[in-house]
Amino acid sequence: MRHLIDPLDFTKEETQKLLDLADRIHDDPEAYQDVADHKRLATLFYEPSTRTRLSFESAMLRLGGKVLGFPDAGVSSASKGETVADTIRIISCYADIAAMRHPKEGAPLRASLYSKIPVINAGDGGHSHPTQTLLDMMTIRRRKGRLDNLTIGFCGDLKFGRTVHSLIDAMSRYLGVKFVLISPDELKVPSYVKQKMRDQGIPYIQTTDLEAVMPELDILYMTRVQRERSFNEEDYLRLKDSYILTPEKLAGAKQDLAILHPLPRVNEITLDVDDDPRAAYFDQVQNGVYMRMALIMTLLGLKDPKTGEVAFNVEG
Ligand code: NCD
């Protein structure tokens with residue numbers, strides 16, 4: 001049995017097979033509508049989320065499976081003091097696979113150690129968000145036709161943004177990738193993330209000036225300031241509008257730039273950017289459903305009806 005806790009849990013080759021499966025689903029979703037018949041997904045969300053939880057639920061329903069779960073910690077037994085270890089032991093008796101979001105870093109990993117069913121990390125604190133990473137990679141690959149030789153700009157809250165940390169980890173495995181890290185000084189990427197880039201010899205620069213670096217970028221990954229993880233309200237109010245992407249700021253950008261955002265958007269991208277063909281953030285949402293379908297199928301060992309095979313083997 002395999003889990004997905006960290007963006008590097010799957011090898012590069014496995015990741016590619018998963019992306020290929022997600023692309024096949026994208027091109028013909030109806031062909032997959034009965035693949036997970038009689039299977040159950042539990043969504044255990046200890047932190048507010050609409051998008052990610054509904055994306056998992058939609059993915060399972062589109063595979064013909066069923067879903068059960070709770071949308072926030074207040075309505076779960078966690079409010080009575082139950083541990084994550086106990087919860088997952090119970091859920092293992094109710095469902096075939098579980099997706100867990102938790103405000104504490106490492107909670108999904110801990111759950112996986114006690115689980116009899118595959119556990120998917122749907123975001124743990126400021127740490128990582130591997131399914132967002134997979135759908136980001138799917139979107140990048142569909143837009144650019146490749147994952148190597150890309151200059152990727154991350155802009156906004158690079159300190160607390162878990163989607164940023166996970167995508168840096170995952171993209172670091174591809175040749176010719178460079179990172180441009182654009183943030184206020186207070187919201188720079190944590191030193192452990194920088195250390196990992198240095199250890200692997202990955203080129204990166206840090207800057208506060210989005211427009212100055214815009215012409216170099218192949219990908220621009222905008223993020224919101226993570227109010228719930230920030231130090232205090234005063235700093236949040238001061239920093240929240242540090243970067244607002246507008247059509248004017250895109251003037252120097254490449255014609256084939258792809259603009260990504262994990263959403264929810266607060267104020268980081270003005271609405272008039274949405275009509276720009278370079279805006280890829282709503283594609284990400286759609287791709288997320290197909291990517292999660294591919295992931296659920298693979299972790300459950302379900303065959304792709306198109307190829308008659310699993311994307312990769314999760315047993316033994
Ligand atoms: C992201 C998250 O939860 O980390 N959102 C998401 O998964 N759709 C980004 C965010 O909340 O800013």
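This is a short tour of the ligand site, the pockets, the cavities and two backbone oddities in this structure. Keep in mind that you are looking at a predicted model.

**Stop 1: the ligand**

Start by selecting the ligand and showing the residues around it. You should see Arg51, Thr52, Arg101, His129, Gln132, Arg162, Thr163, Arg224, Gln226, Pro262, Leu263 and Pro264. By type, that shell divides into 3 nonpolar, 5 polar and 4 charged residues.

Now go in for the individual contacts. Pick histidine 129 and look at its side chain: an N or O atom there is 2.6 Å from an oxygen atom of the ligand. Next, click on glutamine 226, where a polar side-chain atom lies 2.8 Å from a ligand oxygen. Then move to leucine 263 and show its backbone, since the side chain is not the part to look at here: a polar backbone atom of leucine 263 is 2.9 Å from a nitrogen atom of the ligand.

How much of the ligand's accessible area does the protein cover? On its own the ligand has 310 Å² of accessible area, and the protein covers 94% of that.

Switch to a cartoon view to see which elements are involved. Helix H2 (51–62) and helix H6 (162–171) are the elements that give two or more residues to the shell around the ligand.

**Stop 2: the largest pocket**

Stay where you are, but turn on a surface. The ligand takes up the space of the largest pocket, which has a volume of about 510 Å³. Its lining has 28 residues, and those that lie nearest the centre are Arg51, Thr52, Arg101, Leu263 and Pro264. Colour H2, helix H5 (130–144), H6 and helix H10 (281–299) to pick out the elements that give two or more residues to this lining.

Which element gives the most to the lining? That would be H10, with 5 residues. If you colour the lining by residue type, you get 7 nonpolar, 13 polar and 8 charged residues.

**Stop 3: the loop with Pro264**

You've already met Leu263 and Pro264 in the shell around the ligand. Select them again, this time for their backbone. The peptide bond from leucine 263 to proline 264 is cis, with omega near 5 degrees. Most peptide bonds are trans, so this one deserves a click. Proline 264 is found in the loop between strand E9 (258–260) and H10.

**Stop 4: the second largest pocket**

Next, select Lys12, Gln16, Leu19, Arg141, Gly145, Arg146, Leu147, Asp148, Tyr174 and Leu175, which line the second largest pocket. Its volume is about 150 Å³. Helix H1 (residues 12–27) gives the most to this lining, with 3 residues. By type, the lining divides into 4 nonpolar, 2 polar and 4 charged residues.

**Stop 5: the cavities**

How many cavities of 30 Å³ or more turn up in a search of the whole structure? There are 3.

For the largest one, select Leu4, Pro7, Phe10, Thr15, Pro130, Thr133, Leu134, Met137, Ala170, Arg173 and Tyr174. Inside is about 80 Å³ of space. H5, which you coloured for the largest pocket, gives the most to the lining of this cavity, with 4 residues. The lining divides into 8 nonpolar, 2 polar and 1 charged. Tyr174 may look familiar: it lines the second largest pocket too.

For the second largest cavity, select Gly156, Asp157, Pro184, Leu187, Thr223, Val225, Leu239, Lys240, Ser242, Tyr243 and Glu268. This cavity has a volume of about 50 Å³, and its lining divides into 5 nonpolar, 3 polar and 3 charged residues.

**Stop 6: His38**

Finish with one more backbone stop. Histidine 38 sits in the loop between H1 and strand E1 (40–45). What is the phi of histidine 38? It is positive, about 70 degrees, although this residue is not a glycine. Most residues other than glycine have a negative phi.

Conventions: Residues are numbered from 1 along each chain as its sequence is written. Side-chain values use heavy atoms; hydrogens and water are left out. A residue is near a molecule or strand if one of its heavy atoms lies within 4 Å of it. A polar contact is a pair of N or O atoms within 3.5 Å; within protein, one must be able to donate a hydrogen and the other to accept it, and residues adjacent in sequence count only if both atoms are side-chain atoms. Accessible areas come from the Shrake-Rupley method with a 1.4 Å probe; for residues, only the protein chains shown count as cover. On a 1 Å grid over the protein atoms alone, a cavity is a set of points where a 1.4 Å probe fits but cannot get out, and a pocket is an open set with protein on both sides within 12 Å along at least five of seven lines; lining residues have an atom within 4 Å of a point. A molecule sits in a cavity or pocket if more than half of its atoms lie within 2 Å of its grid points. Ala, Val, Leu, Ile, Met, Phe, Trp, Tyr, Cys and Pro count as nonpolar, Asp, Glu, Lys and Arg as charged, and the others, Gly among them, as polar. Grid points are joined across faces, edges and corners, and a volume is the space filled by probe spheres set on the points.
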